[in-house]
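Got the model open in your viewer? Let's walk through it, one selection at a time.

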Amino acid sequence: MRKIKVGTRQSALAMTQSGQTIDALKTLAAKARLPLDFEVVPIVTRGDRILDVTLSKVGGKGLFVKEIEEALLGGEIDIAIHSMKDMPFELPEGLVIGCVPPREDPRDALVNLTSSTLSDLPPGARIGTSSLRRSAQLQSRRPDFRIESLRGNIDTRLRKLESEGLDAIVLAAAGLKRMGWSDRITAYIEPEDCLPAVGQGALAIECRASDEEVLALLGMLNDTAAERAVAAERTFFGIAERRLPGADRRLCDSFVDGIRRRRLHDGHGRGCGRQTRVESFRFRQRSGRRRTPRGGGAAGQGRGRLARGSEGITMTQGKVYLVGAGPGDPKLITVRGLRALQRCDVVVYDRLAGPQLLQETRPGTERIYVGKRPDRHTMKQEEINRLLLDLALSGKVVCRLKGGDPTVFGRVGEEAELLQKHGVPYEIVPGITSAIAVPAYAGIPVTHRDFASSFSIVTGHESPDKLDRMIQWDKVTNATGTLLFLMGVAKIGYISEQLIKFGRPAETPVALVRWGTRAEQETLTGTLGDIEQKVREADFQPPAVIVVGDVVRQREKLKWIEAKPLFGWRVLVTRARSQASELADRIDDLGGEPYVFPVIDTVKQTDPAEAQRIGAALREAERFDWVIWTSAAGVEYFFSWLAEARVDIRRFAGARFAAVGPKTAEALATRGVVADVIPSQFQAEGLLDSLADMLAPGQRALLPRGDLARGLLPAELAKAGVEAVELDVYENRLVVEKDDRIVEMLRAGEIHAVTFTSSSTVVNLLEALRRLGAERPADLLAGCAIACIGPITARTAEEHGLRVTLTAEQSTIEGLLAAMLKHRGAGNEIR
């Protein structure tokens with residue numbers, strides 16, 4: 001597992017916004033199944049050391065980034081997280097801005113103790129700020145204001161408001177919001193009163209240009225609107241910086257922001273999306289040499305944001321990726337196809353593209369369904385072609401997601417031709433064609449040394465008269481050992497008739513494989529002579545791949561996926577996305593199809609009061625006799641708080657450590673800590689039983705937990721005379737992902753089982769379904785097997801109207817899987 005070292009300033013704000021960014025990156029890494037871990041590396045910058053003079057006197061921009069960039073270039077860290085407004089315009093050679101995450105409020109904020117607005121402040125009011133930009137604009141509006149230099153971290157400045165007798169201070173609203181201190185804001189200062197700094201409210205995630213793995217990860221976090229706005233702001237800043245005389249450059253922030261607010265912004269940090277021409281400018285390195293930005297970030301190559309011409313940068317059309325999604329199993333998409341999907345602004349998808357692949361898109365990605373069915377087309381092909389062109393010309397990066405391979409009956413040539421005609425850049429990303437993959441999942445190799453050394457792929461979708469015009473049956477029938485017909489179920493009788501007519505024996509084996517590689521996969525076998533009747537009797541519906549040839553005889557020996565115990569089951573996984581991969585992968589290994597729909601997420605505690613409690617408790621490490629963890633997440637966030645509080649784990653040397661179960665103990669072990677106590681029953685009750693003989697009155701126990709943890713453990717410890725100090729080191733939050741199909745799939749019976757790994761997942765799934773339009777969500781789950789990780793979770797499910805089908809004997813993922821296997825019935829084949 002690679003450890004990504006993240007460099008940032010040591011201030012509370014920098015650490016907080018870095019922690020929030022790392023949480024987002026962890027989620028994305030888990031989603032992409034990237035084995036990454038993260039470590040925060042605090043770095044002291046020159047700007048942090050010099051606090052007794054104003055920023056303008058010690059150098060302005062660059063004061064808070066230089067040392068961090070040097071660590072990045074030296075390989076001491078892999079990612080640097082900066083406030084965008086601190087970034088110099090030119091980057092060192094070898095570094096790039098890998099992404100711009102979603103932007104916080106870019107406005108300035110007024111903070112005072114009297115709830116006064118800017119216009120209500122008394123004559124001669126003393127205003128604290130360290131910004132020349134703010135000083136100039138505030139005094140322009142109110143010449144009577146006395147502006148006083150105010151340096152220090154955000155919490156230091158808030159304390160100085162009262163201690164130095166100031167009437168008000170002006171800070172960036174984004175910093176206060178990220179710290180959870182929105183309630184300290186007296187009033188927002190609108191742009192007409194004080195224009196914000198370039199890039200204010202945005203973060204710049206910087207990395208080495210050569211680090212492809214990090215660039216790919218950061219590309220998934222990039223926010224299109226924030227990226228465009230920041231690129232435009234920094235572009236205009238560069239023009240102003242070059243055109244204003246050196247002595248007047250301190251004024252260019254206001255000059256640039258005036259242009260930005262009038263022309264490029266809507267006032268809330270979102271780009272307006274119009275095309276903008278910026279002349280005589282390029283991104284440059286400090287060396288003065290020109291460079292082409294790489295990666296998926298703010299000036300990322302291939303993102304279609306900034307086109308570079310001889311005269312500069314033009315905000316122009318985007319780019320289209322014509323991607324083969326594979327046959328249905330989401331793991332059969334190519335790495336390049338997945339990367340395109342994760343970087344796009346819009347995904348245009350069809351019926352045969354696996355629905356789980358849509359979960360790989362970034363938050364906020366637009367989804368447009370253009371699927372076709374034999375009896376109904378959502379869009380005609382000409383309309384799809386034009387849609388792709390229009391989206392690209394509006395500046396969007398588009399992923400056209402097509403089932404199978406886009407060049408095999410996928411009409412990709414028509415789409416690419418129109419894009420090429422209009423000068424829109426595009427890439428064709430091949431996919432695994434269903435013609436080969438679907439038979440393979442049914443145990444039918446399309447070639448075999450004893451039966452067939454060649455194969456043909458033929459469309460079966462057209463009407464008989466058109467088939468006759470396009471297919472020379474006399475040549476095709478015996479041209480290759482194996483014949484593969486795509487989209488031909490409705491024409492199976494005519495196809496069989498023609499093949500027999502032109503020389504294939506009626507006894508030739510035939511297989512139809514429906515929805516191959518998915519949970520619904522069904523296989524119907526017969527011969528050319530009887531397959532039409534079998535299709536009619538079984539009411540066998542498209543889509544299906546038709547295999548004709550002696551290779552079909554291999555099926556009985558080689559049908560491998562159907563031999564797996566969970567084959568045919570689509571299982572809903574409701575765990576947090578960062579934790580879902582373990583259960584999803586095991587379901588997949590056992591032949592099931594996991595459908596990840598997280599309804600819960602964990603984030604580091606955001607309440608300032610609770611954060612202070614946590615810090616105070618950790619600094620009393622020597623006073624605890626026990627540290628008791630009830631989840632792996634508790635371990636993770638506990639160590640994160642240790643790092644933030646600068647508390648060494650060795651200070652807990654006098655305490656014994658207890659973990660509720662093996663996964664929690666494993667989380668400790670990865671950090672070099674061995675649990676003293678692990679109960680045989682992996683829940684609070686079992687933990688109490690294991691601790692009973694070791695607890696003594698007067699002991700103190702630290703419980704780093706989530707905000708929804710049960711009250712049983714601290715209550716029982718109190719009965720034993722043990723003082724329990726509960727720390728809510730993380731928060732559980734409801735997640736309602738935009739999923740266009742989940743309610744529809746449940747109604748159609750396409751979800752066969754639902755797994756619950758905590759009481760919170762039960763409550764949250766029902767609420768998520770309700771928010772997605774289900775009036776009676778419990779009824780929607782009535783047809784599913786309800787699988788619970790333990791009795792507490794099962795009890796919650798029953799209290800909410802669910803009929804629990806199975807409960808794990810051991811409250812672990814392995815225990816849950818064992819219960820599912822015990823319950824599971826047999827296969828899914830029509831004969």
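**Stop 1: a buried arginine**

Start with R134: leaving aside its neighbours within four places in sequence, R134 is in contact with K85, D108, T129, V170, L171, A172, C194 and Q200 (contact means heavy atoms within 4.5 Å). Residues are numbered from 1 along each chain as its sequence is written, and side-chain values use heavy atoms, with hydrogens and water left out. Keep in mind that this is a predicted model: local features need pLDDT of at least 70 and side-chain atom pairs count only at pLDDT 80 or more, while totals for chains, interfaces and linings use all residues.

You'll find R134 in helix α5 (residues 132-141). Helices (H or I, at least four residues) and strands (E, at least two) are DSSP runs, numbered from the N terminus. With a relative accessible area of 4%, R134 is buried. Buried means under 20% relative accessible area, exposed over 50%, and partly exposed in between (1.4 Å probe, protein chains only).

**Stop 2: helix α13 and its two sides**

Before the helix itself, select F409, in the loop between β19 and α13. F409 has a positive phi of about 55° although it is not a glycine. For background, most residues other than glycine have a negative phi, and most peptide bonds are trans. F409 counts as partly exposed, at 38% relative accessibility.

Now colour α13 (residues 412-421), where V412, E415, A416, L418 and L419 are buried. These residues cover an arc of only 160° around the axis, which puts them on the same side of α13 (the arc is that of the directions from the helix axis to the C-beta atoms). Spin to the other side of α13 and you meet E417, Q420 and K421, which are exposed.

What do the buried residues of α13 pack against? Show β14 (319-324), α12 (381-393), β19 (397-402) and β20 (426-429): those are the partners. Just after α13, G423 takes a positive phi of about 75°.

**Stop 3: aromatic pairs**

Rings of Phe, Tyr and Trp (its six-membered ring) pair if their centres lie within 6.5 Å; planes under 30 degrees apart count as stacked, over 60 as edge-to-face and the rest as tilted. By this rule there are nine aromatic pairs.

Pick Y441 and W560: their ring centres are 4.9 Å apart and their planes at 65°, so the pair is edge-to-face. Y441 lies in helix α14 (residues 434-441) and W560 in the loop between α19 (555-558) and β26 (570-573), so the pair ties together parts that are 119 residues apart in sequence. Y441 is buried, with a relative accessible area of 14%, whereas W560 counts as partly exposed at 37%.

Next, W473 and Y494. Their rings have centres 6.4 Å apart and planes at 75°, so this pair is edge-to-face. It links distant parts of the chain, with W473 in helix α16 (residues 473-476) and Y494 in helix α17 (residues 492-501), 21 residues apart. Both W473 and Y494 are buried.

For a group view, select W629, F638, F639, F652 and F657, which ring pairs link into a cluster.

**Stop 4: charges over rings**

A charge sits over a ring if NZ of Lys or CZ of Arg is within 6 Å of the ring centre and within 35 degrees of the ring normal. Try K604, which lies over the face of W641 at 4.5 Å from the ring centre. Then go to R700, whose charged end sits over the ring of F624, 4.5 Å from its centre.

**Stop 5: α17 against α18**

Show α17 with helix α18 (residues 531-538): they pack at an angle of about 170°, with their axes 9 Å apart. That makes α17 roughly antiparallel to α18. Axes are lines fitted to C-alpha atoms, for helices over the stretch in contact, and angles run from 0 to 180 degrees between N-to-C directions; those over 145 count as roughly antiparallel, under 35 as roughly parallel, 65 to 115 as roughly perpendicular and the rest as oblique. I492, G493 and S496 of α17 make the contact with I531, E532 and V535 of α18.

**Stop 6: backbone oddities**

Zoom in on W515, in the loop between β23 (509-514) and β24 (522-527). W515 is not a glycine, yet has a positive phi of about 50°. At 16% relative accessibility, W515 counts as buried.

Finish at P543, in the loop between α18 and β25 (544-548). The peptide bond from P542 to P543 is cis, with omega near 5°.
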